Amino acid sequence: MAPDTAFCLYYWVRELSPKFIVESGTWRGFSTWVMRQAAPEAKIVSLDPIFALGHCLDSAKIGPGYWPADLERAGMDFSCCGFEFMVKPEPSLVLFDDHQHKIHRLQQAIQKGFQHIVFDDNLPGEATHLTFFRYLRDPAIKEWMEQVVDRFEIFPPLWDTQAGRSNEIFVPGLNIPRDPELACLDTTAQPRSGYTWLTYVRVKDSALAARHDPATVT
Ligand SMILES: C[S@@+](CC[C@H](N)C(=O)[O-])C[C@H]1O[C@@H](n2cnc3c(N)ncnc32)[C@H](O)[C@@H]1O
């Protein structure tokens, strides 16, 4: 996660003040550190297959990570977590930075009762996974999303930028005043922009309630 995207994540975590955070896709823990700064009291659970493969990895090659002892880490996939998240402090938040198809993650998060979800890498172009830009072209999926989502916000870049795999897409920014102290958040001049369409999704109360309705179980 690049610094400009980290700023967007920091914004959402401050805005939502979660008490419980699940992070799917941790790598060396930069996003974990960002969320810890934004919500110091929140319990964080980090999921990444690297935690299951730790013994096979050369830690010298991985380098230092932010994996503090009070943080729960597991190598299992979010889809496999069940009763762990049935009862959780609210508000709770899940961050997906794991390059998995977005719609499945949205369904799984709803099923586990998460109302606040942040997705990284929800880009309009080609990606390693399917993004909401692609799914929303399908009328049936669009209709389902309208039924279950009541807020869908893609955080704009702080300044106009070129983004995408080869910086091929122009994305208009907020264009906040330039300040030398904020220069570290500007990846515009980098070979590849760090802007990755961080997206906040809030699930409707009705969609969460429907999980407990036997009539909706097929
Ligand atoms: C872009 S990196 C995460 C970067 C991290 N959030 C940060 O800010 O530094 C993507 C990570 O997703 C992990 N990953 C791949 N498949 C996953 C899965 N099914 N569940 C969780 N994490 C997964 C990879 O191992 C990798 O560490």
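**Cavities**

I began with the enclosed spaces in this predicted model. My search turned up 1 cavity of 30 Å³ or more. The volume of the largest cavity came out at about 50 Å³. I then asked which residues line the largest cavity. I noted D4, then P157, L158, W159 and T161, and finally L185, D186, T187, T188 and S193. Sorting the lining of the largest cavity by type, I got 4 nonpolar, 4 polar and 2 charged residues.

**The ligand site**

Next I turned to the ligand. How many residues are around the ligand, and which come nearest? I counted 16 around the ligand, and G25, S31, D48, D77 and D97 come nearest. By type, I split the shell around the ligand into 5 nonpolar, 6 polar and 5 charged residues.

I went through some polar contacts one at a time. For D48, I found an N or O atom of the side chain 2.7 Å from an oxygen atom of the ligand. For D77, I found a polar side-chain atom 2.7 Å from a nitrogen atom of the ligand. For Q100, I again looked at a polar side-chain atom, and this one sits 3.3 Å from a nitrogen atom of the ligand. I also wanted to know how much of the ligand the protein buries. Taken alone, the ligand exposes 600 Å², and 80% of that is buried by the protein.

**Aromatic pairs**

My tally of aromatic pairs reached 16. I picked F51 and W67 for a better look: their rings are 5.4 Å apart centre to centre, with 80 degrees between the planes, so I wrote the pair down as edge-to-face. Where do F51 and W67 lie? I placed F51 in the loop between strand 2 (43-47) and helix 3 (59-62), and W67 in the loop between helix 3 and strand 3 (72-74). The pair therefore ties together parts that are 16 residues apart in sequence.

**Backbone notes**

I finished with two spots in the backbone. Is the peptide bond from E90 to P91 cis or trans? I read it as cis, with omega near 0 degrees. P91 has its place in the loop between strand 3 and strand 4 (92-96).

My other spot was N175, where phi is near 50 degrees. I flagged N175 since that is a positive value in a residue other than glycine. On the chain, I located N175 in the loop between strand 8 (169-171) and strand 9 (199-203).

Technical notes:
Residues numbered from 1 in each chain as written. Predicted model: local features only at pLDDT ≥ 70, side-chain atom pairs only at ≥ 80, totals over all residues. Heavy atoms only, no water. Near = heavy atom within 4 Å. Polar contact = N/O pair within 3.5 Å; in protein donor to acceptor, adjacent residues only side chain to side chain. Areas by Shrake-Rupley, 256 points an atom, 1.4 Å probe, with all protein chains shown as cover. Nonpolar A, V, L, I, M, F, W, Y, C, P; charged D, E, K, R; others polar. 1 Å grid on protein atoms, 1.4 Å probe; cavity = no way out; pocket = protein on both sides within 12 Å on 5 of 7 lines; lining within 4 Å. Points joined across faces, edges and corners; volume = space filled by probe spheres on them. Phe/Tyr/Trp six-rings, centres within 6.5 Å; stacked < 30°, edge-to-face > 60°. Helix = DSSP H or I, 4+ residues; strand = E, 2+ residues; numbered from the N terminus.
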